[in-house]
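I set out to record what the coordinates of this chain show, entry by entry. The entries run from the whole chain to single residues.

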Amino acid sequence: MMNAPLARALLFAVAAGLMTAASAMAEIKGSPSMVTGGITSQPIGHYEFCQKYADECNIRSKVTPPPRVTEYGWGVIREINTTVNTTIVAMTDQEIYGKDEVWEYPTTAGDCEDFVLLKRKKLIERGFSVADLLITVVRKPDGEGHAVLTLRTTDGDYILDNLTDDVKLWTDTNYTYLKRQASFNTGRWVSIEDGRDVLVGALR
């Protein structure tokens, strides 16, 4: 079995002195990295998930620059995104549980939040940090709410989505970004300043 330091070295290149550059980039409108605001409301589905998986929602991390992902790391990311998309059948919570909103690790079927949870879990198992894998709530062009996984990197914030196997920069998607997990605390959520001349409303 590959040891943890070697696994992380394969996933991430050493990137020193990036805090200033990353912070400056975040101030630029349309930045490849999202600009987040203050603490905001936690989605009810995540709140109930945290009641069941309390240890997963109480992880605190230091504020650090995002990592520089290696070519091998990108291969792992794309592999997991595609594998989950093709092995889990998309179904609504009503169809699966008879309830409107249930966040759960899927085994055979799930909705968008479940896809996100499974991808996040698999990436953490492969050596990615919880601080760089953030559940994110967006609004689709038709107004419907949707969840995706945000991956923080030095090249920007990338999106893993059950609606496509392509891993894209968030600015290359057609979503309105509303809120995401805080990188410093897995149980807290922060607002997102979309920065692309779109109105970001509140989603309850």
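**Overall composition**

I began with the secondary structure of the chain, which comes to 6 helices and 11 strands. I note at the outset that this is a predicted model. I then looked up burial and found that 45% of the 204 residues in the chain are buried. For the surface, I recorded an accessible area of about 10500 Å², with 54% of it belonging to carbon and sulfur atoms. I also checked how far along the sequence the contacts reach: among those between residues at least 6 apart, 61% join residues at least 24 apart.

**Nonpolar cores**

I turned next to the largest nonpolar core, which has 33 residues. Which of its members touch the most other members? I found F49, W74, I77, L123, F128, L151 and L160. I listed the elements that give two or more residues to this core: the helices α3 (44–52), α4 (71–87) and α6 (112–125), and the strands β6 (133–139), β7 (145–153), β8 (156–161) and β9 (164–169). The element that gives the most is α6, with 6 residues.

I took I77 as a single case. Leaving aside residues up to four places away in sequence, I77 touches V69, L123, F128, L151, L160 and V167. I also found a second, separate core of 8 residues, whose members include M34, V148, I159 and W170.

**Strand β6 and its partners**

I asked whether β6 is enclosed or open to the surroundings. I count this strand as largely enclosed by the rest of the structure, because 6 of its 7 residues are buried. I then looked up its pairing. With β7, the strand β6 pairs in the antiparallel sense over 7 bridges, and in this pairing T136 stands opposite V148 of β7. The two strands form a hairpin with 5 residues between them, and G143 in the turn has a positive phi of about 95°.

With β10 (176–182), the strand β6 also pairs in the antiparallel sense, here over 4 bridges. I noted R139 in this pairing, whose bridge partner in β10 is T176.

**Two loop residues**

I looked up N162, which is placed in the loop between β8 and β9. Is N162 buried or exposed? Its relative accessibility is 17%, and the cut-off for burial is under 20%, so N162 counts as buried. I listed its contacts beyond four places in sequence: N162 touches N85, C112, F115, K119, H146 and A147.

I then looked up D172, which is found in the loop between β9 and β10. D172 has a relative accessible area of 52%; exposed means over 50%, and D172 is therefore exposed. I also took its distance to Y158: the two residues are 14 apart in sequence, and their C-alpha atoms are 9.2 Å apart in space.

**A nonpolar surface patch**

My last entry concerns the surface. I found a nonpolar patch formed by V89, M91, I96 and Y97, which together have about 300 Å² of accessible area. I followed I96 further and placed it in helix α5 (residues 93–97). With a relative accessible area of 31%, I96 is partly exposed.

Definitions and conventions: Residues numbered from 1 in each chain as written. Predicted model: local features only at pLDDT ≥ 70, side-chain atom pairs only at ≥ 80, totals over all residues. Heavy atoms only, no water. Core = buried A, V, L, I, M, F, W, Y, C linked by side-chain atoms within 4.5 Å. Buried < 20%, exposed > 50% of the residue type's maximum accessible area, 1.4 Å probe, protein only. Contact = heavy atoms within 4.5 Å. Areas by Shrake-Rupley, 256 points an atom, 1.4 Å probe, with all protein chains shown as cover. Patch = residues over 30% accessible without salt bridge, like charges linked within 9 Å, V, L, I, M, F, W, Y side chains within 5 Å. Salt bridge = Lys/Arg side-chain N within 4 Å of Asp/Glu carboxyl O. Pairing = 2+ DSSP bridges.
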